Amino acid sequence: MKVLVTGASGTVGGLVVRTLAERKVPVRGVVRRQESAAALRDQDLPGVEVVVTDLANADAVPALPAGVDAVFLVTANTSDQLAQERNVIRAAAAAGVQRLVKLSVGGASPEAPIAFARVHHAAEQELAASGVAYTVLRPAFFMDNLLQFIPWIDASGRLALPTGDGAMAMIHSRDIADVAAVELTSGSTDNRDLVLTGPEALTIDQALARVGDVVGRSLSHIDATREDFLRRYVALGNAPDYAEDIATLYDGILRPGYGATITDTVEKTTGTAPRTISDFARDHAADFAQPSGTNNS
Ligand SMILES: NC(=O)c1ccc[n+]([C@@H]2O[C@H](COP(=O)([O-])OP(=O)(O)OC[C@H]3O[C@@H](n4cnc5c(N)ncnc54)[C@H](OP(=O)(O)O)[C@@H]3O)[C@@H](O)[C@H]2O)c1
């Protein structure tokens, strides 16, 4: 069999490509930028073909699933995200692929307070109507999200985020990729909706303390206001509308604890318990060992 993987240079798509290659499943990985294609080709993964296509280009996408059996669909939360997802779903249906595994979010609904959760819902509706057998993955907060905030850690090891004491069932992206690999290759024809979490619900303070234990640094959380977070998140290069969505997620959904529910879906699907925050810290120890406070403005 062969699998088409979008977002093949991204956090989850990159790991899905690697995981499938390790299992000797041929892959066609799609990226948008030539630099990303070059970096992926440099990894020299066996059986991995890399193509550069803008998923928003409705004329180019139909060729992508030619000769593939399954599709892993991940798109970034951009203003044309729904158009990208529709293009891929329609192309998969037209090509007669057997299964599409879509990375979505928890709380996807037309009434969601976050724009990308409404977009994911609309894409799920398209998928359900497409006739292609599917799995929708709804992962919790990625542990990997912490990596982008490393430059914000101050000289005392403190990271300010607007999540208060909200616990979240944070998940390692490698577990999302492992579940995706099973779903893509199982041959199952039923439709599945999987809520994926890590093994425990942690506040950002508890997560940082555990990362600190692994990397030999004292790390902790201090609360931030929505406004302070917005200012800094936009300064990182994020679009203001997207920053508003992330601020709503952190301050309005994660702070009150709505992201804390644990499921056993990772272990049921893969046969292996989900990775802990300590596992994540070991995987990224070099990143967290960096000197602090390089960008505290
Ligand atoms: N972070 C979380 O906690 C969380 C939780 C649940 C669900 N999610 C969902 O996860 C998804 C993001 O996944 P991720 O973090 O793995 O993404 P990511 O690391 O941001 O990667 C994005 C990928 O999409 C590619 N891409 C971007 N625009 C493209 C375009 N126009 N055409 C073709 N390819 C394009 C990029 O390629 P280039 O490298 O070439 O630019 C890259 O490979 C979102 O849909 C989000 O809603 C996230």
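Okay, one definition before anything else: Ala, Val, Leu, Ile, Met, Phe, Trp, Tyr, Cys and Pro count as nonpolar, Asp, Glu, Lys and Arg as charged, and the others, Gly among them, as polar. Keep that in your heads for the ligand. And a caveat up front: this is a predicted model.

So, the ligand. How many residues surround it? The shell has 27 residues, and the closest are Gly 7, Gly 10, Thr 11, Arg 33 and Ser 36. If you want to know which elements give two or more residues to that shell, they are α1 and β2. The largest share comes from α1, with 3 residues. By class, the shell splits into 14 nonpolar, 10 polar and 3 charged residues.

Let's stay around α1 and β2 for a moment. The loop between α1 (11-22) and β2 (27-31) holds Lys 24. Its backbone might catch your eye: Lys 24 has a phi near 65 degrees, which is positive in a residue other than glycine. For context, most residues other than glycine have a negative phi. Is Lys 24 buried or exposed? Lys 24 counts as exposed, because it has 8 C-beta neighbours inside 10 Å, and the cut-off for exposed is 12 or fewer.

There's another one like that. Asp 44 sits in the loop between α2 (34-42) and β3 (48-52), and its phi is near 55 degrees, again a positive value in a residue other than glycine. Asp 44 is exposed too, because 8 other C-beta atoms lie within 10 Å of its own.

Right, on to the strands. I'll start with β4, residues 70-73. Ala 70 and Phe 72 point one way from β4, Val 71 and Leu 73 point the other way, and all of them are buried. That's the pattern to expect, since in a regular strand the side chains alternate between the two faces of the sheet.

What does β4 pair with? On one hand there's strand β1 (residues 3-5), which runs parallel to β4 and is joined to it by 3 bridges. If you want a pair to click on, Leu 4 has Val 71 in β4 as its bridge partner. Then there's strand β5 (residues 99-103), which pairs with β4 in the parallel sense over 4 bridges. Here the bridge partner of Ala 70 is Arg 99 in β5. Between those strands in the chain you have helix α3 (residues 81-95), and β4, α3 and β5 together make a right-handed β-α-β unit.

Now β5 itself. How many of its residues are buried? The count is 5 of 5, so to speak, with β5 described as mostly covered. Arg 99, Val 101 and Leu 103 point one way, Leu 100 and Lys 102 point the other way, and all are buried. Yes, that list includes Arg 99 and Lys 102.

Moving along, β5 pairs with strand β6 (residues 133-139), again in the parallel sense, over 5 bridges. Arg 99 turns up here as well, standing opposite Ala 133 in β6. And we get another right-handed β-α-β unit, made by β5, helix α4 (residues 115-130) and β6.

One residue in β6 I'd like you to look at is Val 136. Why is Val 136 called buried? Because 23 other C-beta atoms lie within 10 Å of its own, and the cut-off is 20 or more. Val 136 and Val 101 are 35 residues apart in sequence, but C-alpha to C-alpha they are 5.9 Å apart in space. Leaving aside neighbours within four places in sequence, Val 136 is in contact with Lys 102, Ser 104, Glu 124 and Asp 193.

Next, a residue further along the chain. Ser 186 is in the loop between α5 (173-185) and β8 (192-196). Ser 186 counts as partly exposed because it has 14 C-beta neighbours inside 10 Å. From Ser 186 to Leu 82 it's 104 residues in sequence and 27 Å in space, C-alpha to C-alpha.

Last topic, the domains. The assignment for the protein chain gives domain 1 (3-139) and domain 2 (145-167 + 199-261 + 272-288). Their C-alpha centres lie 26 Å apart. The contact between them takes 5 residues from domain 1 and 6 residues from domain 2. On the side of domain 1 that touches domain 2, the classes are 4 nonpolar, 1 polar and no charged residues.

That's my tour. Questions?

Conventions: Residues are numbered from 1 along each chain as its sequence is written. This is a predicted model: local features need pLDDT of at least 70, side-chain atom pairs count only at pLDDT 80 or more; totals for chains, interfaces and linings use all residues. Two strands pair if DSSP finds at least two bridges between them. A crossover is right-handed if, with the strands pointing away from the viewer, the path from the first strand over the helix to the second runs clockwise. A residue is near a molecule or strand if its C-beta atom, placed from the backbone, lies within 6 Å of it. Domain bounds come from an automatic or database domain assignment. Two residues are in contact if their C-beta atoms, placed from the backbone, lie within 7 Å.
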